Amino acid sequence: MITPCWCRAAALTVMLFTGAAWAYAIDGATAKQLGAEDGDAKLAAIQKLVAAGDAAAIPILKALQDDILVLVNGRLAIVEGSGAKDALSGEPIVAPADKREAIMINNRIRAALDGAIAALKLVSSNLDERLAAARAVAGDPSDEMLPLIKTALSKESDDEVKRLLNQARSLVEIKSGDAALRRDAVNLLGSSDNPQAKQIIGKLLEKNSDGSFIETDAGVRAAATAALRAIERRSLLPQIAATLFSGLSLGSVLLLAALGLAITFGLMGIINMAHGEMLMLGAYTTYIAQSLFRAYLPNWLDWYIAAAVPMAFAVAALVGIVLERTVIRFLYGRPLETLLTTWGISLMLTQSVRSLFGAQNVEVANPAWMSGGFTLSADVVLPYNRVVIILFAAFVVFLVWLFLTRTRLGLYVRAVTQNRTMADCMGIPTPRVDWLTFGLGSGIAGLGGVALSQIGNVGPDLGQSYIVDSFMVVVLGGVGQLAGTIIAAIGLGEINKFLEPFTGAVLGKIFVLIIIILFIQKRPQGLFALKGRMAES
């Protein structure tokens with residue numbers, strides 16, 4: 001009996017929509033080779049399926065990867081729950097458990113499967129799949145993928161996928177024995193945004209032990225030299241922008257750490273060596289807020305930072321007020337005793353936190369909305385958490401400015417800073433101003449701890465890393481001067497980041513210290529001199 005044409009067409013349509021049609025495009029002999037006992041035979045079969053460039057092979061390779069591809073009487077089958085289907089035709093088959101023969105794979109085959117599945121998705125009909133596959137292949141393409149990459153390029157219409165495929169092609173062809181192909185690959189890599197392009201091209205200009213170039217062709221070397229210069233020119237501005245951003249980020253952290261110290265040091269002349277521990281208390285309060293949200297409000301975990309800000313300010317401010325009322329108020333006018341006492345207090349606070357939370361660092365994770373970053377170029381990313389810290393520091397400075405210039409207590413603080421004796425004679429309650437201001441300075445340091453918890457480790461010794469830098473900012477900016485503290489913090493952050501590539505982090509700090517010492521020799525009052533009769537005396 002002859003099947004009518006319309007019946008055959010209907011059957012074909014059903015097969016297309018049910019996924020059965022893909023079976024006829026796969027080389028059955030090659031697919032069955034996946035069940036061979038020899039690992040090399042399996043690898044050869046995987047390479048053949050990739051070279052054929054048919055995305056229909058993906059389900060079989062995925063089944064092998066997931067250990068659900070088996071042999072049933074010499075027939076490849078994919079296990080689906082309690083049933084099974086033929087791997088080539090997709091038809092359900094009877095596959096008793098005692099008749100199934102597992103196909104064993106090792107780590108080498110698993111790695112080959114990862115690459116093969118990613119490569120075959122290059123010819124998928126889904127753009128998102130092709131884009132994801134192109135990104136994966138462009139990162140580490142193998143020589144075996146080159147035919148499929150070329151095939152995918154000839155059929156691809158999306159510009160972004162084409163760019164990634166050309167990048168992958170150049171990474172393979174740069175190792176070709178044909179000098180013309182290597183030269184074209186160098187030119188293509190030189191114009192790409194691959195972060196490894198500079199390193200890959202630079203290897204061509206390296207020399208062997210006998211002094212000869214690794215790259216034997218002079219034309220390829222000339223192209224490599226020109227490509228490296230183009231990469232350096234193209235990356236110059238993003239690198240400068242990244243360095244400026246890093247300096248601004250560091251300056252914002254130093255500003256938060258030093259702002260409270262500038263207020264208390266300027267008002268009372270107290271050399272508070274325990275100020276760094278206020279940063280540490282703020283960071284640990286953030287950790288506690290995160291733990292509470294994780295335990296009781298898991299759906300709102302990404303917003304624990306909103307609760308941590310007022311909590312950290314309150315905890316650090318309360319500790320600061322207690323210290324001022326119980327110890328520091330008895331030591332005014334005695335700088336050496338104050339320095340030694342606050343140093344002892346810092347050790348006590350550090351040991352107390354170590355006893356409560358342990359000596360190891362605790363984990364404070366960034367909220368999801370602070371993860372990731374703005375991409376300037378392939379190797380320059382501005383992290384969101386740093387951007388948030390910069391904005392947070394600016395907001396805190398604005399609030400402090402409002403406090404000092406628009407509130408009665410701020411007016412009292414400025415009056416006491418300029419002339420404590422005259423302010424006392426005018427009826428200003430200087431003891432009350434002292435403890436409130438000390439609490440404010442400590443609370444601001446607690447806010448600095450919240451910021452530090454988002455960019456680094458939180459441990460008992462956190463504050464000791466910033467106390468020296470904080471004093472440098474205060475001295476350089478001018479004691480008690482808000483504008484000077486801001487300029488000094490940002491300036492020191494930028495100088496540090498611009499020196500680090502040339503001197504390293506440690507030598508960079510030493511050079512910064514030398515610069516500050518030389519500056520203070522010429523201008524002892526700092527960038528901005530304190531005004532008033534007390535300053536003149």
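In this predicted model, Tyr 284, Tyr 287 and Phe 357 come together as one aromatic cluster. Five aromatic pairs turn up in the structure. One of them joins Tyr 284 and Phe 357, whose rings sit 4.7 Å apart centre to centre with 35° between the planes, a tilted arrangement. Tyr 284 belongs to helix H12 and Phe 357 to helix H14, so this pair links parts that are 73 residues apart in sequence. Tyr 284 is buried, with a relative accessible area of just 2%, while Phe 357 is partly exposed at 30%.

The two helices behind this pair, H12 (residues 275-296) and H14 (residues 335-357), have axes that come within 10 Å and cross at roughly 20°. Because angles under 35 degrees count as roughly parallel, H12 runs roughly parallel to H14. Their crossing is left-handed. On the H12 side, the contact is made by Glu 277, Met 278, Met 280, Leu 281, Tyr 284, Tyr 287 and Ile 288; H14 brings in Ser 346, Leu 349, Thr 350, Val 353 and Phe 357. Sorted by type, the contact residues come out as nine nonpolar, two polar and one charged.

Another ring pair is found in helix H15 (residues 384-406), where Phe 398 and Trp 401 lie three residues apart, about one turn of the helix. Their ring centres are 6.2 Å apart and their planes meet at 25°, so this pair is stacked. Phe 398 is partly exposed, at 45% relative accessible area, and so is Trp 401, at 36%.

Then there is the backbone at Asp 67. Most residues other than glycine have a negative phi, yet Asp 67, not a glycine, has a positive phi of about 65°. Asp 67 sits in the loop between helix H4 (58-65) and strand E1 (69-72) and is partly exposed, with a relative accessible area of 45%.

How values were computed: Residues numbered from 1 in each chain as written. Predicted model: local features only at pLDDT ≥ 70, side-chain atom pairs only at ≥ 80, totals over all residues. Heavy atoms only, no water. Axes fitted to C-alpha atoms, helices over the stretch in contact; angles between N-to-C directions. Helix = DSSP H or I, 4+ residues; strand = E, 2+ residues; numbered from the N terminus. Parallel < 35°, antiparallel > 145°, perpendicular 65-115°, else oblique. Left-handed = near helix turned anticlockwise from the far one by under 90°. Contact = heavy atoms within 4.5 Å. Nonpolar A, V, L, I, M, F, W, Y, C, P; charged D, E, K, R; others polar. Buried < 20%, exposed > 50% of the residue type's maximum accessible area, 1.4 Å probe, protein only. Phe/Tyr/Trp six-rings, centres within 6.5 Å; stacked < 30°, edge-to-face > 60°.
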